Every structure is written in C-alpha cells, then in structure tokens.
Amino acid sequence: MSVENPTSPVSPLAHFPPAPPEEYRSRAPEFYGFVAWTSTTLVFILFLLWALLPDDIIVWIGVKWYPSREWALLLPAYSVVLVLLTYCVYFSLAIARTPAFSEISAFIDSRAHLPAPNAPNPYLKHADPNAIPELYDIPIGIINRVIYGPHRRRKGDIPTREN
C-alpha cells in the first residue's frame with residue numbers, strides 16, 4: 001500500500017480528516033441512520049393517526065388514554081416558534097459579542113503575525129523586485145493611510161489624543 005503525499009502535484013488538496021482504510025470502516029452510521037429514519041417515520045404516522053382518527057376508532061383499538069386533540073395543533077405551532085426563537089437568540093448573541101469598530105479586537109486577534117516594533121520597516125522590502133519578504137499582517141493604520149491618505153486636521157477641529 002503506497003502512501004501518497006497529500007499535497008502532491010497530482011492531488012493538491014488533502015482530504016481532512018483522512019478517510020480510514022476500507023478494512024477499518026464501520027457500518028454503524030448506516031444502521032443508526034436507518035433506525036433514526038424508521039423511528040421518526042413511525043412516530044409521525046402515530047401522530048397523524050392520533051390527530052385525525054375519531055375517538056371511537058382510537059378506543060376500539062384499545063387505547064384508554066391519549067392527550068387532548070388541541071395538542072395536535074399546539075405542538076407544531078410551538079415547534080415553529082421555538083425554531084424562530086432559536087434563530088433570533090443566536091443572531092442576537094452574535095451581534096452582542098461583536099466588538100465595536102473603535103476596539104482593536106475588531107481588526108486584529110491573537111493570531112495576527114505582526115513584525116517586531118523595533119525592527120526596520122519590513123513592508124518596504126516588498127518594493128524590491130527580487131526580494132521574497134516574510135509575510136506579515138498589515139496593521140489597520142497603514143491600510144487607512146493607503147486608502148484614505150494621511151490624516152489632515154481641518155480648521156476648527158478640537159485636538160484629541162488620536163489627532
């Protein structure tokens with residue numbers, strides 16, 4: 001059995017996680033899926049029979065007690081409301097956890113690869129046509145200067161720490 005380099009020119013994309021060999025694969029997910037599909041179908045059919053059959057037939061089958069028929073409408077309605085509420089809660093939590101634009105964590109995180117502060121400017125190495133400079137994340141201040149130009153103070157502006 002040959003082991004192929006996962007990033008060879010023939011196959012540049014490696015599968016993750018790698019598939020186990022044929023002899024070690026389990027068929028348990030197939031059985032679990034079949035049991036889940038079968039039991040869900042059976043529960044749905046029982047729900048429909050309970051919701052649609054008249055009381056006389058349900059008693060004739062031998063069922064002595066069953067929930068009120070109003071639950072046949074309440075359960076699906078509550079389920080839909082619960083799903084919509086779940087989406088609203090997750091959306092609200094995502095908005096609440098988003099940092100403000102004035103916070104540095106909105107632009108940079110702990111995984112940023114920035115040059116050392118006392119080193120010469122590594123971004124100037126990109127201007128040399130023969131150089132292969134090291135990769136760094138570009139700080140937001142440099143991006144703002146390139147896109148919007150240098151910061152200019154207008155007459156009447158109140159000087160602050162940022163200016």
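**Helix packing in a predicted four-helix chain**

Of the contacts (heavy atoms within 4.5 Å) in the chain with a separation of 6 or more, 14% are accounted for by residues 24 or more positions apart. The model is predicted: local features need pLDDT of at least 70, side-chain atom pairs count only at pLDDT 80 or more, and totals for chains, interfaces and linings use all residues. Residues are numbered from 1 along each chain as its sequence is written, and side-chain values use heavy atoms, with hydrogens and water left out.

The chain holds 4 helices and 0 strands (DSSP runs, H or I of at least four residues for helices and E of at least two for strands, numbered from the N terminus). Along the sequence the pattern is α-α-α-α. Mean pLDDT, the predictor's confidence in each residue from 0 to 100, is 81 for the chain, with 80% of residues at 70 or more. Among the elements, α3 has the highest mean, 96, and helix α4 (residues 140-148) the lowest, 82.

Of the 163 residues, 5% count as buried (under 20% relative accessible area, 1.4 Å probe, protein chains only).

Helix α1 (residues 28-52) packs against helix α3 (residues 71-97) at an angle of about 135°, and their axes lie 10 Å apart. The two helices are therefore oblique to each other (neither under 35 degrees, nor over 145, nor 65 to 115). Phe47, Trp50 and Ala51 of α1 meet Trp71, Ala72, Leu75 and Pro76 of α3 in this contact.

Definitions and conventions: Axes fitted to C-alpha atoms, helices over the stretch in contact; angles between N-to-C directions. Buried < 20%, exposed > 50% of the residue type's maximum accessible area, 1.4 Å probe, protein only.
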